[in-house]
Amino acid sequence: MLAAFSNDQNNAEQSGLAVIHELTHVYAVSSYRQGEEEGKGHRFYDDGLAVFLQHRFGESQEYPDFGRDLYQVVAEKALENKGLVPLADCEKVRNKSESGLGRQLAYTQEGAFTQFLIERFGFDTYLKIYQGEDIKAVTGESFEELESAFAALIRVIQA
């Protein structure tokens, strides 16, 4: 499919379609995004799942991680950025510009945090969070505690 849309048949991975990422948005809508109409929603979990699945199952190396380990990309980009983006601000940072360090860091953080939750609690628990169940009730930890643990993991990788 990627080759069909590429101008250079020998370099189809550069076409950047991110098919899995976009199909994730079509088929998986978190309860958080469903609340957008009422001003309660955001795309943090939606983009996190899309980036994570693109990373795991995409056939080409595309933005935002270009096939590299999500945690490693976050660690490197956070050093360049002089810190992580607060997870609650990722959507604002992504929407601020079409490209740039902050946008790439926000996307990879969302995907890496999704990976972190899945690795730590399992996919079934992650889906409960994605579907709107209270994160502390499901994991025993608050969002803030989990964000701190994620940041600590990134600091270890940076070291």
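## Burial and overall layout

Of this chain's 159 residues, 43% count as buried. Keep in mind that you are looking at a predicted model. The chain has 10 helices and zero strands, so a walk along the sequence reads α-α-α-α-α-α-α-α-α-α.

How do contacts spread along the sequence? Take the contacts in the chain with a separation of 6 or more: 60% of them come from residues 24 or more positions apart.

## Valine 74 and the α5–α10 packing

A good place to start exploring is valine 74, which you'll find in helix α5, residues 70–81. Is valine 74 buried or exposed? Its relative accessible area is 0%, so valine 74 is buried. Setting aside residues up to four places away in sequence, valine 74 touches Leu84, Leu105, Thr108, Gln109, Ala112, Phe150 and Ile154. With one of these, glutamine 109, the C-alpha to C-alpha distance is 6.0 Å, even though valine 74 and glutamine 109 are 35 residues apart in sequence.

Valine 74 also takes part in a meeting of two helices. On the α5 side, Tyr71, Gln72, Val74, Ala75, Ala78 and Leu79 come up against Phe150, Leu153, Ile154, Ile157 and Gln158 of α10. Two packed helices are described by the angle between their axes and the distance between the axes. Here α5 and α10 (residues 143–158) have axes 9 Å apart and pack at an angle of about 80 degrees. An angle of 65 to 115 degrees counts as roughly perpendicular, and α5 and α10 are therefore roughly perpendicular to each other.

## Threonine 108 in α7

Next, hop over to helix α7, which covers residues 101–121 and holds threonine 108. Threonine 108 counts as buried because its relative accessibility is 0%. Where does its side chain reach? At 3.1 Å, the side chain of threonine 108 reaches the backbone oxygen of leucine 105.

Threonine 108 has partners further along the chain too. Leaving aside neighbours within four places in sequence, threonine 108 is in contact with Pro64, Asp65, Leu70, Val73 and Val74. That brings us back to valine 74, which has Thr108 among the residues it touches.

## Aromatic rings

Now for the rings. A pair of aromatic rings is described by the distance of the centres and the angle of the planes. The count here comes to eight aromatic pairs. One is phenylalanine 113 with phenylalanine 116: the ring centres are 5.9 Å apart and the planes sit at 25 degrees, so this pair is stacked. Phenylalanine 113 and phenylalanine 116 both lie in helix α7, three residues apart, which is about one turn of the helix. Phenylalanine 113 counts as buried at 0% relative accessibility, and phenylalanine 116 counts as buried at 8%. Phenylalanine 123 and tyrosine 126 have ring centres 6.3 Å apart and planes at 25 degrees, so they are stacked as well. Being three residues apart in helix α8 (residues 123–130), phenylalanine 123 and tyrosine 126 are separated by about one helical turn. Phenylalanine 123 is partly exposed, with a relative accessible area of 38%, whereas tyrosine 126 counts as buried at 1%.

Rings can gather in groups as well: Phe113, Phe116, Phe143 and Phe150 form one aromatic cluster. Phe150 also appears among the residues that valine 74 touches. And one ring has a charge for company: the charged end of arginine 94 sits over the ring of tyrosine 107, 4.9 Å from its centre.

## Two glutamates around the start of α10

Last stop: glutamate 141, in the loop between α9 (135–139) and α10. With a relative accessible area of 17%, glutamate 141 is buried, since buried means under 20%. What does the side chain of glutamate 141 make a polar contact with? The partner is the side chain of arginine 120, at 3.0 Å. Not counting residues up to four places away in sequence, glutamate 141 touches Arg120, Phe121, Ile135, Lys136 and Leu146.

Glutamate 145, by contrast, is found in helix α10 and counts as partly exposed at 39% relative accessibility. A polar atom of the glutamate 145 side chain lies 2.6 Å from the backbone nitrogen of serine 142. Again not counting residues up to four places away in sequence, glutamate 145 touches Lys136 and Gly140.

Definitions and conventions
Residues numbered from 1 in each chain as written. Predicted model: local features only at pLDDT ≥ 70, side-chain atom pairs only at ≥ 80, totals over all residues. Heavy atoms only, no water. Helix = DSSP H or I, 4+ residues; strand = E, 2+ residues; numbered from the N terminus. Buried < 20%, exposed > 50% of the residue type's maximum accessible area, 1.4 Å probe, protein only. Polar contact = N/O pair within 3.5 Å; in protein donor to acceptor, adjacent residues only side chain to side chain. Contact = heavy atoms within 4.5 Å. Phe/Tyr/Trp six-rings, centres within 6.5 Å; stacked < 30°, edge-to-face > 60°. Lys NZ or Arg CZ within 6 Å of the ring centre and 35° of its normal. Axes fitted to C-alpha atoms, helices over the stretch in contact; angles between N-to-C directions. Parallel < 35°, antiparallel > 145°, perpendicular 65-115°, else oblique.
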